[in-house]
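Biologist: I am new to this structure and should like a close look at a single part of the model. Please choose one charged side chain, describe its setting, and then place it within the chain.

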Amino acid sequence: MMQYPESLCQLVIRNMAIVEDAPSVVAEIEKELFGTINEEIEKTVSGLNGWKGFYDLITEKEDELTFFAPSDWPKDDSGEYLACYALDCVEPDGSEFEWLSVATGLRNATLCFQFEIDNSLVEVSTREKKRLLQEFFLKNPALEKAGFMYHKTGVIYLPFIFDAETLANEFPDFDEAKATVGRTLKTLFEVHSLFDAFVKQHQK
């Protein structure tokens, strides 16, 4: 029994030139898209007083992370933030993925802004940290009302995805993607005070 449908196999055979070029094409599209996303996040965060961020996810820079936080949130001895908001993804089955697939919601994966904290902030084990975050989420229904979700891995996140057809039509400008990121950030900042209170509660 074949693993893939006959029609798909026939499509691949007829379009091998596209299939062979696909990985490098996907990588190029991801750089364009996430470059746009990073720029939109940086523009928003840089307009806030007392915030700092790094905007390198899916770039050629070494760390390749995008995250931001108020400057007064706690840091470790090396200056790394112990709590922040990060551009990341929630991917249910834990398998490898393409960021473009995540951005368009394939395989139930979703792009999101995550509230991340280091174990050392709350001075507990990973298991206990998960419990604290779930308890915090449940005690603050405004988070769920705003669209935030809690994941069993101990992550509170605000999901968003892009429509693949719209991305294709707008490439490489991605105006609707910019608008989506802007709306999602607005939602995040509307409930930031709840996260800020949680961090300040556990700050040494």
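**Arg-131 and its surroundings**

Modeller: Arg-131 is partly exposed, because its relative accessible area is 38%, and the class lies between buried, under 20%, and exposed, over 50% (1.4 Å probe, protein chains only). The model is a predicted one, in which local features require pLDDT of at least 70 and side-chain atom pairs pLDDT 80 or more, while totals for chains, interfaces and linings use all residues. Residues are numbered from 1 along each chain as its sequence is written, and side-chain values rest on heavy atoms, without hydrogens or water.

The side chain of Arg-131 meets that of Glu-135 in a salt bridge, at 3.2 Å from N to O. The term requires a side-chain nitrogen of Lys or Arg within 4 Å of a carboxyl oxygen of Asp or Glu. Both residues belong to helix 5, where they stand 4 residues apart, about one turn of the helix. Helices (H or I, at least four residues) and strands (E, at least two) are DSSP runs, numbered from the N terminus. Glu-135 is likewise partly exposed, since its relative accessibility is 32%.

Two other pairs may be set beside this one. In helix 8, Lys-178 forms a salt bridge with Asp-175, with the closest N and O atoms 4.0 Å apart. These partners are 3 residues apart in the helix, so about one helical turn separates them. Lys-178 is partly exposed at 32% relative accessibility, and Asp-175 is partly exposed at 47%. A further salt bridge joins the side chains of Lys-200 and Asp-196, at 3.2 Å from N to O. Asp-196 counts as buried because its relative accessible area is 19%. Lys-200, at 34% relative accessibility, counts as partly exposed. Both lie in helix 9 (residues 192-202), 4 residues apart, about one turn of the helix. Returning to Arg-131, salt bridges that share partners link this residue with Glu-128, Glu-135 and Lys-139 in one network. The count under the same rule comes to 9 salt bridges.

The loop that leads into helix 5 (126-139) from helix 4 holds Glu-123. This residue is not a glycine, yet its phi is positive, near 55 degrees. Glu-123 is exposed, because its relative accessibility is 57%.

On the other side of helix 4 (119-122), the loop from strand 4 (110-117) contains Asp-118. Asp-118 is partly exposed at 38% relative accessibility. Together with Asp-76, Asp-77 and Glu-80, Asp-118 forms a negative surface patch. Patches take residues with over 30% relative accessible area and no salt bridge, joining like charges within 9 Å and nonpolar side chains (Val, Leu, Ile, Met, Phe, Trp, Tyr) within 5 Å.

The chain as a whole has 9 helices and 6 strands. Its C-alpha trace spans about 60 × 40 × 35 Å along the principal axes. Of its 204 residues, 39% count as buried.

Notes: Areas by Shrake-Rupley, 256 points an atom, 1.4 Å probe, with all protein chains shown as cover. Lys, Arg positive; Asp, Glu negative; His and termini not counted. Charge placed at Lys NZ, Arg CZ, Asp CG, Glu CD.
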